Amino acid sequence: MTYDVIITGAGPAGLTAAIYCRRAGKSVLIIERSTFGGQITFSPKIENYPGFEEISGNELADRMVSQALALGAEIEVATVEGFRKEGKEYVVTADGQEFRSLSVIIAVGAAHRRLGLPGEDELVGHGISFCAVCDGAMFSGLDVAVVGGGNSAVVEAALLAETSKSVTLVQNLSFLTAEKTAAEALLARPNVRAIYDTVVDGYIAKDGVLCGLSLKNVKTGEKSELATDGAFIAIGLSPATEPFARTLPLDGYGYVLAAENCSTGRGGIFVAGDCRIKNVRQITTAVADGATAALAACNYVDGVRRGEAEILPNETLTREDEDGRSADE
Ligand SMILES: Cc1cc2nc3c(=O)[nH]c(=O)nc-3n(C[C@H](O)[C@H](O)[C@H](O)COP(=O)(O)OP(=O)(O)OC[C@H]3O[C@@H](n4cnc5c(N)ncnc54)[C@H](O)[C@@H]3O)c2cc1C
């Protein structure tokens with residue numbers, strides 16, 4: 001069978017794309033490697049998705065999945081390895097199988113880099129966070145740490161400093177690598193301090209909730225502990241675009257370059273959500289991309305079925321952000 005649209009990744013972007021494509025009458029296959037719902041399933045509480053004052057990530061994910069399935073989207077659990085073009089069709093390979101479609105929407109998302117320390121996965125959502133916009137309000141009036149010293153860490157720390165009692169940056173170098181003015185403005189705040197030449201080498205938890213960080217000075221080897229109610233890990237995002245490195249235009253960080261309509265510049269291949277270049281990586285922006293990419297893909301499929309040119313005209317790739325990183329990295 002040749003699907004109209006194959007969607008790689010079942011996060012908010014991919015599921016929204018599936019909903020829009022099905023409502024436009026297109027046949028849809030979603031290929032997901034692990035968690036239906038994507039990154040939001042790691043979030044116990046979402047408070048910034050319109051329509052829900054508060055909802056757990058799992059419940060929001062379940063609702064999106066149910067809606068896509070009820071509309072007739074098909075699903076396959078497999079890891080996409082890449083795609084190739086054969087005539088008017090794309091052949092998507094996943095776990096050694098081949099799936100055919102006229103159009104493909106890449107919605108593989110991104111993952112926040114982690115420190116890789118024992119207990120980290122279990123503490124995500126229980127003291128460990130990656131997003132001050134998402135979770136900062138939960139630490140209002142409390143002491144928090146931000147791990148990292150680049151632009152993303154400074155942006156996170158500045159946001160947290162507005163509401164948290166204190167913010168401690170833990171930076172492995174002797175200085176912050178963030179833009180100088182922003183770093184100076186941050187450190188001038190009375191409730192912000194930085195600990196330099198220091199790495200986190202362990203998490204301290206009580207009853208399954210983070211209560212401190214074990215620190216090590218990389219110059220002296222001296223060990224210490226930092227009591228904290230929360231730790232925001234801000235050492236960057238990593239897009240899951242490796243399978244497409246040779247077939248799609250990526251920026252230096254691995255994000256897919258995209259036009260305003262989420263086209264990659266390759267006729268029939270669209271990209272949505274956290275894996276494309278953009279400035280804000282949130283559920284709202286992922287679902288917006290999903291809708292945009294879906295409607296563009298549907299137009300493309302209609303064009304192919306009518307026998308029109310396969311390559312969309314005048315598609316120019318734009319860099320919304322010169323270094324390809326989002327404000328919340
Ligand atoms: C802990 C946490 C809390 C968050 N809280 C909030 C919040 O409160 N509010 C908010 O707006 N945002 C929040 N975010 C950010 C938000 O979750 C993301 O912006 C959003 O999920 C991006 O959606 P996406 O569909 O682009 O990508 P993702 O959610 O990353 O989904 C991509 C999907 O693609 C799959 N995939 C990847 N590679 C392959 C492959 N090769 N083959 C098949 N499938 C593949 C992945 O398994 C995943 O399911 C949070 C993120 C985290 C990690």
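# A tour from Ser101 to the ligand

Select Ser101 to begin: its side chain reaches the backbone oxygen of Ser103 at 2.9 Å, a polar contact in the sense of a pair of N or O atoms within 3.5 Å, where within protein one atom must be able to donate a hydrogen and the other to accept it, and residues adjacent in sequence count only if both atoms are side-chain atoms. The model in your viewer is predicted, so that local features need pLDDT of at least 70 and side-chain atom pairs count only at pLDDT 80 or more, while totals for chains, interfaces and linings use all residues. Residues are numbered from 1 along each chain as its sequence is written, and side-chain values use heavy atoms, with hydrogens and water left out.

Ser101 belongs to strand S6 (residues 97-106), where strands (E, at least two residues) and helices (H or I, at least four) are DSSP runs numbered from the N terminus. Ser101 counts as buried because its relative accessibility is 0%; the classes are buried under 20% relative accessible area, exposed over 50%, and partly exposed in between (1.4 Å probe, protein chains only).

## The open sheet

Next, select the strands S8, S15, S9, S10 and S11, which in that order make up an open sheet of 5 strands with parallel pairing; two strands pair if DSSP finds at least two bridges between them. Strand S8 (128-129) and strand S11 (192-195) are the edge strands, each pairing on one side only.

Colour S15 by residue, and its two covered faces can be told apart: Gly230 and Phe232 lie on one side, Ala231 and Ile233 on the other, and all of them are buried. Towards S8, the parallel pairing with S15 runs over 2 bridges, and Ile128 stands opposite Ala231. Towards strand S9 (residues 143-147), S15 (residues 230-233) is joined by 4 bridges, again running parallel; here Val146 stands opposite Phe232, and Val147 has Ile233 as its bridge partner.

## From the edge strand to the hairpin

Follow the chain from S11 into the loop that leads to S12, and stop at Asp197. This residue has a positive phi of about 50 degrees although it is not a glycine, and Asp197 counts as buried because its relative accessible area is 13%. For context, most residues other than glycine have a negative phi.

Now select strand S12 (residues 198-206) and strand S13 (residues 209-217), which run antiparallel and are joined by 8 bridges. The two form a hairpin with 2 residues between them, and Asp207 in the turn has a positive phi of about 50 degrees; Lys206 stands opposite Val209 in S13.

Cys211 also lies in S13, and with a relative accessible area of 32% Cys211 is partly exposed. Draw a distance from Cys211 to Ile128: they are 83 residues apart in sequence, and their C-alpha atoms are 9.9 Å apart in space.

## The loop between S16 and S17

Move to Ser263, in the loop between strand S16 (237-239) and strand S17 (269-271). The side chain of Ser263 reaches the backbone nitrogen of Gly265 at 2.9 Å, and Ser263 is buried, with a relative accessible area of 2%. Cys262, in the same loop between S16 and S17, has a positive phi near 70 degrees without being a glycine; Cys262 is buried too, with a relative accessible area of 1%.

## The ligand

Finally, select the ligand together with the 33 residues that surround it, of which the closest are Glu32, Gln39, Asn48, Val80 and Asp274; a residue is near a molecule if one of its heavy atoms lies within 4 Å of it. The shell divides into 16 nonpolar, 13 polar and 4 charged residues, with Ala, Val, Leu, Ile, Met, Phe, Trp, Tyr, Cys and Pro counted as nonpolar, Asp, Glu, Lys and Arg as charged, and the others, Gly among them, as polar.

Oxygen atoms of the ligand can be inspected through several contacts: a backbone N or O atom of Asp274 lies 2.8 Å from one, a backbone N or O atom of Pro12 lies 3.2 Å from one, and an N or O atom in the side chain of Ser34 is 3.3 Å from one. The protein covers 96% of the 1,000 Å² of accessible area that the ligand has on its own, an area from the Shrake-Rupley method with a 1.4 Å probe. Helix H1 (12-23), strand S2 (28-32), strand S7 (110-112) and helix H7 (283-305) are the elements that give two or more residues to the shell.

End on H7, whose 23 residues should span 33 Å at 1.5 Å a residue, in agreement with the 32 Å between its end C-alpha atoms; the expected span is 1.5 Å times one less than the number of residues. Just after H7, Gly307 takes a positive phi of about 80 degrees.
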